[in-house]
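Trainee: Got a minute to walk through this one with me? I'd like to go over how the chains fit together.

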Amino acid sequence: MTLMATEMEQSATPMSDESDEALMVHICAGERLAFTALLDRHLKAVAGFAYRMLIDTAEAEDVAQETFLRLWRDRQKWRPEAKLQTWLFRVARNLCIDRFRRKEVVTDKVPEQIDPRDGPSADLQRSQSAGLVNNAVAQLPERQRAAIALIYHQDLSNIEAAGILGISVDALESLLSRGRRHLKKRLEALKPHLLEN
Amino acid sequence: MAKFDQSSEPLLDVSAKRAAQILEAYGADPTRWPFSERAGTLAALNKFPALANSRQSATDMDHFLGGVPLYTPSADLARRISAAALHEPKTPAWRSWLFDLIPASATPMSVMQPMATLFVAVTLGIMAGAFIPGSDNDAMAEEFMLLAFGPAYQMQTFEDAGGAE
């Protein structure tokens, strides 16, 4: 393995410069360096998406870990025409849904309470605002939350997001509109708190 | 996020209604709008002042969503995943050989259907072989003897059986 790693380092194209498709070819051959390069490239996005869905750091990292382990475990079944990013987000989303069904994750987290003895520091205010926003997003139905996470927080195109969710672009726009309308209602209710912060 | 260069974007004619839909779904940031409708939506916003309220509402919502804290995974998450992959059991050689037989384009159904058909055929064949009645060898032998030796054979067997009385 060390010798193979040395040979790879000396090869013309470093792994980090290779496309996802090229990395998958290496991964299918069992090359762990290629797997590491893929992790470096996509882990933050996948873990970030899982966090938006679950609003729980530990659960999000579990989902991210399981997603990539599945890729490694089932690499022999990889179809070259498949798009890696779509696959990663789809698997992560399904794992998040499994957790919702098993009720391992509490989706209606209550924001931190203010201790009046503490001064209104900027960090505390930001933390409280973030808690309120997270709480509002956590109240959304799963599909609306996923649509908003993919478009807004992962910066994917509408076509990419629709592909991940397995729906048409029209259906995606419907989910986004409904999700943002729900959040707008919550925003109106929370505005006094947000303005204070 | 990619920079938005209006001069290089295709200019599709976007109605006020469609522009409002785009704002409601994607927000006020043009880089999130559908690629083919970006320039047209901006043109519609300039053309229809009534869209100003929709734009402001979308901007407020974007600020709200921007309040969701950025998430950064633990520093050692990648290392943990790599370590876990290192300890994954290797695929046995016979499974690798079996998977090599399956075309890369095969779907689960395209593999399962012929396998199921083969299984049914083999099962039916075994059952048919078990229940087909055995041939009457004695009757065949008798016919052969008659064919070979004629009525004299038939008389002999008749007498042997006590038929001469």
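Here is a short chat about helix 2 of chain A, the nonpolar core and the chain contacts.

Mentor: Heads-up: this is a predicted model, where local features need pLDDT of at least 70, side-chain atom pairs count only at pLDDT 80 or more, and totals for chains, interfaces and linings use all residues. Residues are numbered from 1 along each chain as its sequence is written, chains are lettered from A and ligands numbered from 1 in the order written, and side-chain values use heavy atoms, with hydrogens and water left out.

Trainee: Within what arc do the buried residues of helix 2 of chain A fall?

Mentor: Helix 2 (a DSSP run of H or I, at least four residues, numbered from the N terminus) spans residues 20-28, and A:Asp20, A:Leu23, A:Met24 and A:Ile27 are buried there (under 20% relative accessible area, 1.4 Å probe, protein chains only). Going by directions from the helix axis to the C-beta atoms, they line one face of the helix, because the arc they fall within is 100 degrees.

Trainee: Which residues touch the most other members of the largest nonpolar core?

Mentor: Such a core joins buried Ala, Val, Leu, Ile, Met, Phe, Trp, Tyr and Cys residues through side-chain atoms within 4.5 Å. Of its 76 residues, the ones touching the most other members are A:Leu172 and A:Leu183.

Trainee: How many salt bridges are there between chain A and chain B?

Mentor: A salt bridge puts a side-chain nitrogen of Lys or Arg within 4 Å of a carboxyl oxygen of Asp or Glu. B:Arg18 and A:Glu173 form one at 2.8 Å, N to O. Between chain A and chain B, the count is five.

Definitions and conventions:
Buried means under 20% relative accessible area, exposed over 50%, partly exposed in between (1.4 Å probe, protein chains only). Helices (H or I, at least four residues) and strands (E, at least two) are DSSP runs, numbered from the N terminus. Contact means heavy atoms within 4.5 Å.
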